[in-house]
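Work through the exercises below with the model open beside you. Try each task before reading its solution.

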Amino acid sequence: MITKARLITNKGIALSLIVTSVVLVLMMIFGVIMLLNQGNVVHISPQFFYKIMTIHGTGMIGIAALGGSAIMWYFL
């Protein structure tokens, strides 16, 4: 029998994984924008490129931590 606390925990884990998926897709889009800029398909300023690169790097590290901790919380 699933308790109410366990059900709430599972909903929280599911929400964390949904947020992880959405942010991961957003970080992938930023990565593609940077690749297109390096291939001269789109042209963005160097300042904007480095802003995107910073968001991409910190976002990927942060979202990997969130997703990893949600999975560990579920299994442990």
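The exercises that follow cover the core, the surface patch, the ring pairs, the loop and some distances.

This is a predicted model, in which local features need pLDDT of at least 70, side-chain atom pairs count only at pLDDT 80 or more, and totals for chains, interfaces and linings use all residues. Residues are numbered from 1 along each chain as its sequence is written, and side-chain values use heavy atoms, with hydrogens and water left out.

**Exercise 1. The core**

Task: list the residues of the largest nonpolar core and assign them to elements.

Solution.
- Start with the rule. A nonpolar core is a set of buried Ala, Val, Leu, Ile, Met, Phe, Trp, Tyr and Cys residues joined through side-chain atoms within 4.5 Å.
- Fix the burial terms too. Buried means under 20% relative accessible area, exposed over 50%, and partly exposed in between (1.4 Å probe, protein chains only).
- The largest such core holds five residues: Met27, Phe30, Met34, Phe49 and Ile52.
- Two elements, α1 (4-38) and α2 (46-75), each give two or more residues to this core. Helices are DSSP runs of H or I with at least four residues, numbered from the N terminus.
- The largest share, three residues, comes from α1.
- For context, nonpolar side chains tend to be buried together in soluble globular proteins.

**Exercise 2. Contacts around the core**

Task: find the contacts of Met34, Met27 and His56, leaving aside neighbours within four places in sequence.

Solution.
- Contact means heavy atoms within 4.5 Å.
- Take Met34, in helix α1. Met34 counts as buried because its relative accessibility is 9%.
- With those neighbours set aside, Met34 touches Phe49, Ile52, Met53 and His56.
- Under the same exclusion of four places, Met27 contacts Ile55, His56, Gly59 and Met60.
- Now turn to His56, in helix α2. Beyond four places in sequence, the contacts of His56 are Met27, Phe30, Gly31 and Met34.

**Exercise 3. The surface patch**

Task: identify the residues of the nonpolar surface patch and the element that gives the most to it.

Solution.
- Patches use residues with over 30% relative accessible area and no salt bridge; like charges are joined within 9 Å, nonpolar side chains (Val, Leu, Ile, Met, Phe, Trp, Tyr) within 5 Å.
- A salt bridge is a side-chain nitrogen of Lys or Arg within 4 Å of a carboxyl oxygen of Asp or Glu.
- Accessible areas come from the Shrake-Rupley method with a 1.4 Å probe.
- Leu17, Ile71, Met72, Tyr74, Phe75 and Leu76 make a patch of about 700 Å².
- The main contributor is α2, with four residues.
- Ile71 lies in α2 and is partly exposed at 42%.

**Exercise 4. Ring pairs**

Task: count the aromatic pairs and classify their geometry.

Solution.
- Rings of Phe, Tyr and Trp (its six-membered ring) pair if their centres lie within 6.5 Å; planes under 30 degrees apart are stacked, over 60 edge-to-face, and the rest tilted.
- The count is two pairs.
- Phe49 and Tyr50 are edge-to-face, at 5.4 Å centre to centre and 90° between planes. Phe49 is buried at 9% relative accessibility.
- Tyr74 and Phe75 have centres 5.2 Å apart and planes at 80°, so this pair is edge-to-face.
- Tyr74 is partly exposed at 41%, whereas Phe75 is exposed at 66%.

**Exercise 5. The loop**

Task: describe the backbone and setting of Asn40.

Solution.
- Most residues other than glycine have a negative phi.
- Asn40 is not a glycine, yet has a positive phi of about 60°.
- Asn40 sits in the loop between α1 and α2 and is exposed at 57% relative accessible area.

**Exercise 6. Sequence and space**

Task: give the C-alpha separations for Ile71 with Ile13 and Met34 with Thr58.

Solution.
- Ile71 and Ile13 are 58 residues apart in sequence and 7.6 Å apart in space.
- Met34 and Thr58 are 24 residues apart in sequence and 15 Å apart in space.
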